[in-house]
Every structure is written in structure tokens, then in C-alpha cells.
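Here are some worked exercises on the empty space in a protein model. Grab your viewer and try each one before reading the solution.

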Amino acid sequence: MSVGNLTATRPPEPWTAPTATDPVAAMLRLPGSKSMTARALVLAALASGPSTLHRPLRARDTELMAGGLRELGAHVSISDDERWLVRPHRLVGPAHVDVGLAGTVMRFLPPVAGLAAGRVTFDGDPQARVRPLGPLIGALRSLGVRIDTPATGSLPLAVLGAGRVAGGEVVIDASASSQLVSGLLLAAPRFERGLVVRHEGPPVPSAPHLRMTVQMLRAAGAAVDDGTPDVWVVEPGPLTGRGWEVEPDLSGAVPFFAAALVTGGEVTLQGWPHGSMQPVEQLRTLLTRMGGEVTLTTAGLTVRGTGSVHGLDADLSDVSELTPALTALAMLADSPSRLTGIGHIRGHETDRIAALAKEFAALGADITESADGLEIRPRPLRGGTFRTYADHRMAHAAAVAGLAVPGIEVDDVTCTSKTMPEFPALWSGMVTGKS
């Protein structure tokens, strides 16, 4: 094996999470929302005219989404970090879409591929092959879309697009991920008869993400009726090209806000809109209950620590992306915590419930996992290696704990490039006061 190959396969260097010696005081401008960027890209590629995305997120997931749409025929220019341009074009195959480990790409683009004329193949990282995809495949097949897939109903798969999808009505169990519904809804205006989606099964998690999908569809000119619980009706019709102002990413901001609580400091996220599509109020409630003070002013969204972190008993089914950072906060609290309603995150980038329990237990935590949650009884932690399992949110959890626990080494902090390549530098700058 050549030296070059040896270098390429060498594992990443561990990253020591910096420990805070003083309260943090930071004013940050974080990258754009992954969820908004992904949805805007799809809607732009399906529109009748060009669109621009202002301050989008440039990260692995969104670059994979842009690349997948480009493979399908759309013109997507992402050379300018502040302004991406999308010009729709006829969707055609053959094409191959690399989904990486991005749930948005693997669930939003197969319905789009059904509208393409030709064969479109999908595959990604090894972990992507175990992420829930079967309900989406079944829904598309019921609409007449031809799909070749393993018996497991997972990646790799091939969509044999006919250049059109008749549309109609589908029944789907989306209890594993709201993205299964969002993927269908985003393409539905281009279906000849539109689409009626009915969810049957346990509650759909991450409801705010579904509301974002509906809001953005309407902003692009689609007629959407979501007035009946678990039913979404999308009328056929053109989507309008437009400018999209992408909000800062709320999920990515949570570790930084957690730092304010852990250190008794203050963190302001600049550029936050007063009319957000993201679950700001849910986050405000959770952080307030844990001992923070949250305010929204013209300066931005600010979180202040009060010197104490309190335990939390909460159902996080609507905001499960916050679980890793809140788990780390709970480790440092003055009372026990119980986090429930998050069984579906076992099917995220990794089994997040099991991974959080295992890695924090290795640092001395008293943590117990259940089918749909975690119970945490705070006690002193020690340093050690914290494995991420290629999951960016696991790295965020380790960073939060490391603020108060010296010697936590993250085995692969580069996984944060999935949604925020700047994370290690931004985090270290905030903790050291050199941001």
C-alpha cells in the first residue's frame, strides 16, 4: 500500500473539547438552517423560474442535496457562499445521487426522481443503508413509481422515472421520520393530480419540520391544506421561483446556547428573525426550565445562564434534534432528568439513544436508556474518549460536557462538517474568548 493510501485511511486526530475557565460571552453569526436550505433547494429545482438562496448552509448535507439536483438536470450554482442560484431544467436520467448520510437527500429526492425521465440510482455511506426508507418506497410504488430496491426496502435503490407521476392518495406510516411526509409533499405540486397524504400509525415526530415544509410550499405558490390532523392535501400547480432568506440553524445553535447555561455566561445568535419557521418557543421553554434566560431583540436571540443548571422532565418528540445537547446539559444539572418521546432517533445517523447512554456511561455517568428515552442522574464525570459514530450531534454533546469536564476527547470532530464545518473553530473561539 502506498504512503498516500496510508494517509488517506488514517483515522482522524482526536479533538480535546475545551474546558471553560470563565463564563462565555459571545455574539455569533451561525450558518443557515439545514432544514430550510434543503427544502428551498428542492422547491427551487421544481419551480417554473430561477430562485436564489440567501445565506444558505454550506455543509456536506446541503452540498449533497445540490449535487443530487444537479445530477437530475437542474442548474445549481453554489460558488458564492452568501447566494446560491438555482435554475430549473427538465429532469432526466440516467443519474446517480450520493445521499451521504443525509436523511433529507435520501427522502426528498426519490419523489423528485419519479418526475425524471430515466433511471436514477441512490446510495450513500454504509450507515445510510439502515436508515428508515421503506414507507416512502411503498408510498411511491402505490403512486405508480417504479423502484428497484433490496428486499430490506433500503438503499441502494433505483427509481425508474417515467417523466411524470400521476399523483392521487397515499397512506403512510411516518412515525419513524417526518421527512417521509415532507419528501412526498415537496414534489406533490408537480404530480398530475397533486397528492393526498394520510399518516396512519404512532404520532409523526418533529412536527415543526412538517410545518416548515407546508409554510415553504405555500411561500412558493402551492395550495396546501393541513387542517385535518395527519392529512395533507397538495393541489397540482406550478411552483414560483423566488428568493429564500435562510434563517440561522436553530439545532446547530443549541450547543452554543447550552454553553451559556453551563458557564453562567451569555450567547447571542445574530440575524434571528422575529417570525421564525423553526421551533424557537419550544427551545425557549426548555432552556428556561433548565435555568436559562432567553430573549429575542433586534440584536438577536440571546441565552443567559443564571449560574445553575436544572434537571428536565420533558417529551422531546417535536424537537428531538435537541436531545444530544440537552442530554449533555442534564449531565451537569443539579437534579435528575427524564427525556422521552425520542424513540425515533434510534434511526438517525446512529442510534442516538444507545450511543449517548454508552458514551456518557464510559465517562462515569449514571444514565439509563428506555425504548423511547433517557434517564439521567447527575454525578461527577471524568475525562476520556467520546465516540461520535460519524454523528455530528454526538460531537456537540461531547463539546457541551467538556465545558465542565476536563479531558474529554472527541474521536472524530470532523463529522460536524455534515451540518457545520466551522464548529470546532467557532466553539474553541467562544470558549477561549477569541471568537
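**Exercise 1.** Which element supplies the largest share of the lining of the second largest pocket?

*Solution.* Keep in mind that we're working on a predicted model.
- Start with the space itself: the second largest pocket holds about 170 Å³.
- Next, list the lining: Val 204, Ala 207, Leu 210, Arg 211, Val 214, Asp 226, Thr 228, Pro 229, Asp 230, Val 231 and Trp 232.
- Now map those residues onto the secondary structure. Helix 7 (207–219) and strand 13 (231–234) each bring at least two of them.
- Helix 7 takes the largest share, with four residues.
- To finish, sort the lining by chemistry: seven residues are nonpolar, one is polar and three are charged.

**Exercise 2.** Describe the largest pocket, and work out which domains line it.

*Solution.*
- The volume comes to about 240 Å³.
- Sixteen is the count to look for in the lining: of these 16 residues, Pro 31, Gly 32, Arg 55, Pro 56 and Glu 82 are the closest to the centre of the pocket.
- By class, the lining of the largest pocket has six nonpolar, three polar and seven charged residues.
- As for the domains, domain 1 (15–30 + 248–432) and domain 2 (34–231) each contribute at least three residues to this lining.

**Exercise 3.** How many cavities of 30 Å³ or more does a search of the whole structure find, and what lines the largest cavity?

*Solution.*
- The search turns up two cavities at that cut-off.
- The largest cavity has a volume of about 390 Å³.
- Its lining runs to 30 residues, and the closest to the centre are Ser 35, Gln 179, Ser 206, His 209 and Glu 321.
- Four helices give two or more residues each to that lining: helix 2 (34–45), helix 4 (103–114), helix 7 and helix 8 (250–263).
- Chemically, the lining of the largest cavity splits into eight nonpolar, 13 polar and nine charged residues.
- Domain 1 (15–30 + 248–432) and domain 2 (34–231) each put at least three residues into the lining of the largest cavity.

**Exercise 4.** Now do the second largest cavity: which helix gives the most to its lining?

*Solution.*
- This one is about 30 Å³ in volume.
- Lining the second largest cavity are Ser 251, Val 254, Pro 255, Glu 321, Leu 322, Ala 325, Arg 393 and His 396.
- Two elements give two or more residues to this lining, helix 8 and helix 12 (392–402).
- Helix 8 comes out on top, with three residues.
- The class count for the second largest cavity is four nonpolar, two polar and two charged.
- One more thing to check in your viewer: Glu 321 is on the lining list here, and Glu 321 is also among the residues closest to the centre of the largest cavity.

**Exercise 5.** Zoom out. Why can the protein chain be called as compact as a globular protein of its length?

*Solution.*
- Begin with the secondary structure, which comes to 13 helices and 23 strands.
- The radius of gyration is 21 Å, and the globule rule gives 22 Å for 435 residues; the two values are close, so the chain is as compact as a globular protein of that length.
- For the extents, the C-alpha trace covers about 60 × 55 × 45 Å along its principal axes.
- On burial, 57% of the 435 residues count as buried.
- Finally, take the contacts with a separation of 6 or more: 73% of them join residues 24 or more positions apart.

Note on methods. Residues are numbered from 1 along each chain as its sequence is written. This is a predicted model: local features need pLDDT of at least 70, side-chain atom pairs count only at pLDDT 80 or more; totals for chains, interfaces and linings use all residues. Side-chain values use heavy atoms; hydrogens and water are left out. On a 1 Å grid over the protein atoms alone, a cavity is a set of points where a 1.4 Å probe fits but cannot get out, and a pocket is an open set with protein on both sides within 12 Å along at least five of seven lines; lining residues have an atom within 4 Å of a point. Grid points are joined across faces, edges and corners, and a volume is the space filled by probe spheres set on the points. Ala, Val, Leu, Ile, Met, Phe, Trp, Tyr, Cys and Pro count as nonpolar, Asp, Glu, Lys and Arg as charged, and the others, Gly among them, as polar. Domain bounds come from an automatic or database domain assignment. The radius of gyration is taken over C-alpha atoms; the globule rule is 2.2 Å times the number of residues to the power 0.38. Buried means under 20% relative accessible area, exposed over 50%, partly exposed in between (1.4 Å probe, protein chains only). Contact means heavy atoms within 4.5 Å.
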